[in-house]
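Thanks for coming, everyone. Please have a look at the sequence and the structure before I start talking.

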Amino acid sequence: MRLTVVGCSGSYPGPDSPASCYLLEAESDGRTWRILLDLGSGALGALQRHGDPLTIDAVFLSHLHADHCLDLSGYYVMRKYHPAGPQPRIPVWGPEGTAERMAKAYDLPVDPGMTGEFDFRLHGAPVEVGPFRVEPVPVVHPVPAYGLRVSADGATLGYSGDTGPCPGLDAVAQDVDLLLAEASFRSGDDNPADLHLTGADCGEAATRGAARRLMLTHVPPWFDRADALAEARSTYAGPVVLARCGDVHEL
């Protein structure tokens, strides 16, 4: 399983990266399968550097804040009006209200909204897309939100989405080969509860879950990413890296 960091800027696009989007690829049945975890602000442009977006097999949205879902609007245009003709519907998993949220984002009537282009499905039981098994795990955030455990090729990635420390985060981190965790906050600041993680929180979750590697993402442009890295290394003894736009990691 291969992870490409399409976008990793926290809360809004930064000077070096779009907002959240992660491409996962794995081989099966004689072809490459591709899924996206989130498609946040600015990510569709960067995605085109890594292949044809029309080859994506499914999209999984962690939650419906703009920095995680808004570029689905541009993707709708690409799939609906492409010169090669309208593209086949692909599944989009997300929280309740995803279809309505995306219709309103593009000022479409809710019926049909984007349902001619996307087969909207609600997070619930684990699902399989080609070689991928994706398990959504509810986490704490001001809106319904999910972490995602994705397994393929004998490896498992845990993606926090946006969350504060909670049992769901620990479930996402449990025994994964890579924990991809958001580090939006800094320890010592007056941080609201049940919203985001600090670098130290990420390291603690990775330690409790015995994650084999930790990657920090979603650091807002107004913070120094090195601070998040130092915090995580203070609470986790394993390998820690910062997500960088365009980086590719093999699991």
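**Helices, salt bridges and empty space**

Let's begin with helix 4, residues 98-105, where Thr 98, Met 102 and Ala 103 are buried. Why do they sit on the same side of helix 4? Because the arc they cover around the axis is only 130°. A reminder on geometry. An α-helix has 3.6 residues a turn, so residues three or four places apart point the same way.

Keep in mind that this is a predicted model. Everything I quote is computed from it.

What do the buried residues of helix 4 pack against? Two helices and two strands: helix 2 (66-69), helix 3 (72-81), strand 5 (90-94) and strand 6 (118-122). Then look just past the end of helix 4. Asp 107 has a positive phi there, about 60°.

Now helix 6. This one is mostly covered, with eight of its eleven residues buried. The buried ones are Gly 199, Ala 200, Asp 201, Cys 202, Gly 203, Ala 205, Ala 206 and Gly 209. They pack against helix 5, strand 11, strand 12 and helix 7, which is 225-235. After helix 6 comes Ala 210, and its phi is positive too, near 55°.

Next stop, a single threonine. Thr 163 lies in the loop between strand 10 (155-159) and helix 5. Is Thr 163 buried or exposed? Its relative accessibility is 0%, so Thr 163 counts as buried. What touches it? Leave aside the neighbours within four places in sequence, and Thr 163 is in contact with Val 139, Val 140, His 141, Leu 169, Glu 182, Leu 195, His 196 and Leu 197.

On to charges. How many salt bridges does a search of the whole structure find? The count is 14. I'll walk through some of them.

Take Glu 135 and Arg 149. They form a salt bridge, and their closest N and O atoms are 3.8 Å apart. This pair links distant parts of the chain. Glu 135 is in strand 8 (residues 132-139), Arg 149 is in strand 9 (residues 145-152), and 14 residues separate them. How covered are the two partners? Glu 135 has 27% relative accessibility, so it counts as partly exposed. Arg 149 has a relative accessible area of 18%, and buried means under 20%, so Arg 149 is buried.

Second pair: Asp 175 and Arg 212. Their side chains meet in a salt bridge at 2.9 Å, N to O. Again the pair links distant parts of the chain, here 37 residues apart. Both partners sit in loops. Asp 175 is in the one between helix 5 (167-173) and strand 11 (178-182). Arg 212 is in the one between helix 6 (199-209) and strand 12 (214-217). Asp 175 is partly exposed, at 44% relative accessible area. Arg 212 is also partly exposed, at 38%.

Third pair: Arg 244 and Asp 247. The closest N and O atoms of this salt bridge are 3.1 Å apart. Asp 247 has 18% relative accessibility, so it counts as buried.

There is a network as well. Salt bridges link Arg 2, Glu 25, Arg 34 and Glu 250. Hold on to Arg 34; I'll come back to it.

Last topic: empty space. Rolling a probe the size of a water molecule over the atoms shows where empty space is left.

The largest pocket holds about 220 Å³ of space. It is lined by 13 residues, and the closest to its centre are Ser 9, Asp 16, Ser 17, Val 219 and Arg 225. By class, the lining has seven nonpolar, three polar and three charged residues.

How many cavities of 30 Å³ or more are there? The count comes to two.

The largest cavity has about 50 Å³ of space. Leu 23, Arg 34, Leu 47, His 50, Gly 51, Asp 52, Pro 53, Thr 55 and Ile 56 line it. So here is Arg 34 again, the residue from the salt-bridge network. This lining divides into four nonpolar, three polar and two charged residues.

The second largest cavity has a volume of about 40 Å³. Its lining is Ala 183, Ser 184, Phe 185, Arg 186, Val 219, Phe 223, Asp 224, Asp 227, Ala 228 and Glu 231. Five of these are nonpolar, one is polar and four are charged. Val 219 appears here, and Val 219 was also among the pocket residues I listed.

That's my tour. Thank you.

Notes:
Residues are numbered from 1 along each chain as its sequence is written. This is a predicted model: local features need pLDDT of at least 70, side-chain atom pairs count only at pLDDT 80 or more; totals for chains, interfaces and linings use all residues. Side-chain values use heavy atoms; hydrogens and water are left out. A salt bridge is a side-chain nitrogen of Lys or Arg within 4 Å of a carboxyl oxygen of Asp or Glu. Helices (H or I, at least four residues) and strands (E, at least two) are DSSP runs, numbered from the N terminus. Buried means under 20% relative accessible area, exposed over 50%, partly exposed in between (1.4 Å probe, protein chains only). On a 1 Å grid over the protein atoms alone, a cavity is a set of points where a 1.4 Å probe fits but cannot get out, and a pocket is an open set with protein on both sides within 12 Å along at least five of seven lines; lining residues have an atom within 4 Å of a point. Grid points are joined across faces, edges and corners, and a volume is the space filled by probe spheres set on the points. Ala, Val, Leu, Ile, Met, Phe, Trp, Tyr, Cys and Pro count as nonpolar, Asp, Glu, Lys and Arg as charged, and the others, Gly among them, as polar. The arc is that of the directions from the helix axis to the C-beta atoms. Contact means heavy atoms within 4.5 Å.
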